[in-house]
Every structure is written in C-alpha cells, then in structure tokens.
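Please consider the following model with attention to its charged contacts, its strand pairing and its nonpolar interior. The discussion begins with a single residue and proceeds outward from there.

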Amino acid sequence: MEPAAGPRLLKALLWLSFAGSLGEKDLPENFPHLTNVSVSVEHLCTLIWTWNPPERTVKSCSLLYFSYLDKESQRECSINAYRETTVALNEKVCIQVRSQCNCNQSESSSELVKSCTPTPRGDPETAVRDLHCIWQSLKSMNCSWLPGRRAPPDADYTLHYWYSGLEVNHQCTDLSVRGELIACSFAYSPNQSGEVQIMVSDSSGKVRPFYQVISSSSFVKPDPPLITNLSKANDSVYVEWVDPVHFPRGCLEYQVETKDSLSREWKHRKVVNPEDVCQTLLATQEPEENSQVTNCFKLFTFHPGTILTIRIRAKTRNICYDSDIWSEWSEEKSIGEKADYTFYIIILLTIPVIITVAIIILLLYLKRLKIIIFPPIPDPGKIFKEMFGEQNDDTLHWRKYDIHEKQMKEETDSVVLIENQKTSS
C-alpha cells in the first residue's frame with residue numbers, strides 16, 4: 001500500500017500547487033478590466049488614446065496592454081496606458097484594447113474595450129477629390145485637388161498642414177486656381193523629412209474636411225538637370241550636366257534621351273552612376289572658373305553629318321528616398337553639323353536641264369541632217385506657174401513703172417523750162 005500511496009500523494013501536492021497558482025493569477029473571467037478609454041486629436045491627424053489601468057492588481061503578473069485598430073490592424077503590445085496613432089480622419093476610427101499578462105498569450109487577459117472617434121461631419125460627396133502632394137526638389141510641398149462632386153461652386157477652400165517641428169497647424173497661403181484644379185504650395189526644407197498632415201476644407205463649413213497623411217520621402221520630384229556642355233571626341237559625344245540643388249551626391253538616377261536629324265525618334269538610356277563614365281575626359285580637362293559640372297555621360301552612337309539633340313531628366317534612388325517620380329525634361333541641347341546638300345541639289349537640278357538642251361539640239365541637228373540627206377523634190381506645177389501663169393502680172397507691173405517714170409520726167413522738164421524763161425527775161 002505504501003508504494004501506491006506515494007504517487008497519489010505526489011499528485012495531490014501537484015494539484016494543490018496548480019490550484020494555488022490559479023488563485024494568485026485569477027481566472028480569465030476574473031481578470032480586471034480597463035476603464036475610461038478615451039481619445040483626443042492633436043494637430044490634424046494625431047490620435048492619442050488613453051485609459052486607466054485596472055483598479056486591482058494581479059499578483060505575479062507584469063501587466064501589459066494589447067490594442068489594435070479596426071479589423072485587427074496595427075497591433076501593439078505595450079506597458080504604456082496610452083497609444084498614439086497617426087491616421088487620416090476621413091472615416092470613423094475605432095480602437096480595441098485589453099490588459100493581459102503576456103504579449104504572446106491571451107488566456108489571462110481582460111475583455112476588449114472599444115472606443116471610436118466621432119463620424120466626420122458633412123456630406124462625403126462634398127469633400128475634395130484627387131488630393132496629391134509632391135515634395136518639389138526638397139524645398140516646397142506642392143498640393144493640388146479637385147472640388148467634390150456635390151461641393152458648392154462658391155466654396156472658399158483652405159489647406160492646413162502640420163509636420164514635426166511646428167508648434168501649431170499652419171494655413172497655406174500660396175493658393176492658385178487653374179480651371180477646376182486648385183493648388184497650394186508651402187515651404188518644406190530637407191531636414192524636415194517625415195510625415196506631413198494635410199487637411200483641406202472651406203471657411204464656410206459647407207464642405208466636408210478631407211485629411212491625408214503624406215510620407216514626404218515617397219513623393220519627391222527633382223527639378224530638371226541643367227546641361228552645361230556637349231563635346232565630341234573620337235566619334236563620341238560627352239554630355240555634362242549639373243544636379244538639381246539640395247540633393248546629396250549619388251541620390252539621383254537619370255534618363256538620357258537622344259534624337260538625331262536622320263531618325264527623328266527619341267532613344268532613351270538609363271544612367272545610374274554618371275560620375276564613373278567620363279573620368280578620363282574630366283581628368284584631362286582644365287577646370288574652368290566657377291565650374292559646376294558634376295556629372296558626365298558618354299554617347300557612342302553619333303553619325304557625322306547629323307545634328308544630335310539631347311535632353312535629360314532625373315528621379316531619386318531608393319537608397320535615399322522611396323519615390324518614383326521623374327522630373328521634367330531638361331532644356332534640349334544640340335551638337336553636330338547638318339550635311340551641306342547644296343552641291344548635290346545643284347547637280348540634281350542641272351542634270352535635267354543639260355539633258356533637255358541636248359535633246360533639243362539633237363532634234364534640230366537631225367532635222368537639218370535630214371534636209372541635207374533627203375532634199376525636197378521640186379513641184380513641176382509651181383515651176384510652170386512661175387514661168388507662164390504669173391507673166392501677165394509682171395508685164396503690168398513694168399508697164400505701170402514706165403508710165404510713172406515718164407510722168408515724173410515730164411513734170412520735172414516743165415519746171416525747168418519755166419525757170420529758164422524767167423532768167424532770159
């Protein structure tokens with residue numbers, strides 16, 4: 001009996017120990033609940049959730065707080081009795097929070113307590129549409145939007161913004177309107193990268209506010225590069241340009257497009273590390289005073305006798321900014337000389353003229369040669385007509401001539417006689 005009693009005693013001791021541990025930690029249904037869960041809004045889109053710890057403590061338990069937003073997204077487990085969240089307040093936002101002893105298990109935990117933000121005021125169809133913001137060359141934030149479908153036509157829109165470093169929200173004053181598109185820009189310097197909170201509404205309250213949280217590093221758009229020099233060497237073209245300001249070296253990649261006067265079609269090439277392409281050329285060149293050339297690229301496809309047109313655009317690399325927005329194209333630059341086709345044009349115009357003149361001369365010469373080789377045969381009818389048929393006409397002609405001559409002589413003689421008589425008297 002003693003051997004059998006030993007295991008029974010051991011089991012009883014283990015059960016008492018397990019029951020005692022449950023009594024110390026309490027059962028799940030007796031786990032203390034949170035109280036006074038509330039939310040407040042700071043700046044434009046910063047939600048701060050707070051709650052009171054359980055009224056009674058749990059022995060042998062390091063109390064933690066487990067929370068998540070709608071649909072169990074953005075889970076968080078922390079020892080703090082508050083939670084700070086940045087979210088666009090275009091819809092109602094709810095949080096569910098509970099207390100528990102361990103982040104990895106939920107057996108010993110309280111029931112979830114839910115708390116929500118108020119529903120935004122106004123008709124959702126009056127809120128602005130297509131709100132886009134771009135960090136232009138790391139110096140200004142340019143935002144644009146369209147009015148809501150049911151927004152009043154006389155709505156006086158305003159844009160408020162906040163980012164880390166500002167004590168209060170600021171209103172954008174550089175507002176412009178181009179047709180239906182409304183835009184506003186404000187200064188945003190490079191050392192302020194992070195999240196920017198935006199709210200667009202109207203001063204009359206007829207338009208439902210629209211919120212947006214922007215990660216500025218995801219919407220960077222550089223200014224166009226500046227092409228400073230084009231040069232030729234060994235049937236190749238070297239393109240040199242200056243980076244947009246404010247960007248660290250190596251944070252940009254480029255796209256070079258070329259178009260020659262023969263094909264007239266743009267051909268593009270991707271350039272990631274332009275500083276490594278033309279080191280030989282840059283090393284042999286004498287540095288110019290106040291030179292700002294920082295990049296160089298070598299083009300191998302250049303045909304003599306053509307004009308090559310070049311343009312460049314840039315975008316940020318993922319090692320610096322998480323953006324995929326290309327800049328505008330740079331000003332186009334051209335190099336080369338167009339072939340002089342004047343001589344060929346003159347030759348093409350002269351050849352037809354020479355051939356035409358030669359044909360005319362040949363035709364005249366052939367006609368003359370034909371007359372010499374094949375003289376015309378006399379017409380007997382014409383010969384007899386000249387001998388006999390036209391003789392009377394000739395006789396009359398001579399007769400008229402003789403009569404006229406006699407008359408002239410008689411008149412002359414009479415005048416002479418008169419003059420002689422006057423002299424003798």
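Glu332 has a relative accessible area of 41% and therefore counts as partly exposed; buried means under 20% relative accessible area, exposed over 50%, and partly exposed in between, with a 1.4 Å probe and protein chains only. The model is a predicted one, in which local features need pLDDT of at least 70 and side-chain atom pairs count only at pLDDT 80 or more, while totals for chains, interfaces and linings use all residues. Residues are numbered from 1 along each chain as its sequence is written, and side-chain values use heavy atoms, with hydrogens and water left out.

Glu332 takes part in a salt bridge with Arg311, in which the closest N and O atoms are 4.0 Å apart. The two residues belong to distant parts of the chain, Arg311 in strand β22 and Glu332 in the loop between β22 and β23, 21 residues apart. A salt bridge is a side-chain nitrogen of Lys or Arg within 4 Å of a carboxyl oxygen of Asp or Glu. Strands (E, at least two residues) and helices (H or I, at least four) are DSSP runs, numbered from the N terminus. Arg311 counts as buried because its relative accessibility is 15%.

Arg311 also meets the side chain of Glu257 in a salt bridge of 2.8 Å, N to O. This pair again links distant parts of the chain, since Glu257 lies in strand β19 and Arg311 in strand β22, 54 residues apart. Glu257 and Arg311 are both buried. Glu257, Arg311 and Glu332 are thus linked in a network of salt bridges. In addition, the charged end of Arg311 sits over the ring of Trp266, 4.1 Å from its centre; this term requires NZ of Lys or CZ of Arg within 6 Å of the ring centre and within 35 degrees of the ring normal. The charged end of Arg75 is placed likewise over the ring of Tyr68, 5.6 Å from its centre.

The count of salt bridges comes to 7. One of them joins Glu328 to Lys221, with the closest N and O atoms 2.9 Å apart. Glu328 is in the loop between β22 (308-316) and β23 (333-335), and Lys221 is in strand β16 (residues 220-221), 107 residues apart. Glu328, at 47% relative accessibility, counts as partly exposed, whereas Lys221, at 16%, counts as buried.

Strand β19, which holds Glu257, leads to the strand pairing. Strands of a sheet pair through backbone hydrogen bonds, either parallel or antiparallel; here two strands pair if DSSP finds at least two bridges between them. Strand β19 (residues 252-260) and strand β20 (residues 267-271) pair in the antiparallel sense over 5 bridges, and Gln255 has Lys270 in β20 as its bridge partner. Their hairpin has 6 residues between the strands, and Arg264 there takes a positive phi near 60°.

An open sheet of 4 strands follows the order β11-β10-β14-β15, with antiparallel pairing. Its edge strands, β11 (170-171) and β15 (210-215), each pair on one side only. β10 pairs with β11 over 2 bridges and with strand β14 (residues 195-202) over 7 bridges. His160 has Gln171 in β11 as its bridge partner, while Tyr163 stands opposite Val196 in β14. In the hairpin of β10 and β11, Gly165 takes a positive phi near 115°. Of the 7 residues of β10, 6 are buried.

What is the size of the largest nonpolar core, in residues? It has 61 residues, and those with the most contacts inside it are Trp145, Tyr157, Leu159, Phe186, Ile198, Val239 and Ile310. Strand β10 (residues 157-163) gives the most to this core, with 5 residues. A nonpolar core is a set of buried Ala, Val, Leu, Ile, Met, Phe, Trp, Tyr and Cys residues joined through side-chain atoms within 4.5 Å.

Aromatic pairs number 10. Tyr161 and Phe186 form a stacked pair, 3.7 Å centre to centre with 5° between the planes. Tyr161 lies in strand β10 and Phe186 in strand β13 (residues 181-187), so the pair ties together parts that are 25 residues apart in sequence. Rings of Phe, Tyr and Trp (its six-membered ring) pair if their centres lie within 6.5 Å; planes under 30 degrees apart count as stacked, over 60 as edge-to-face and the rest as tilted.
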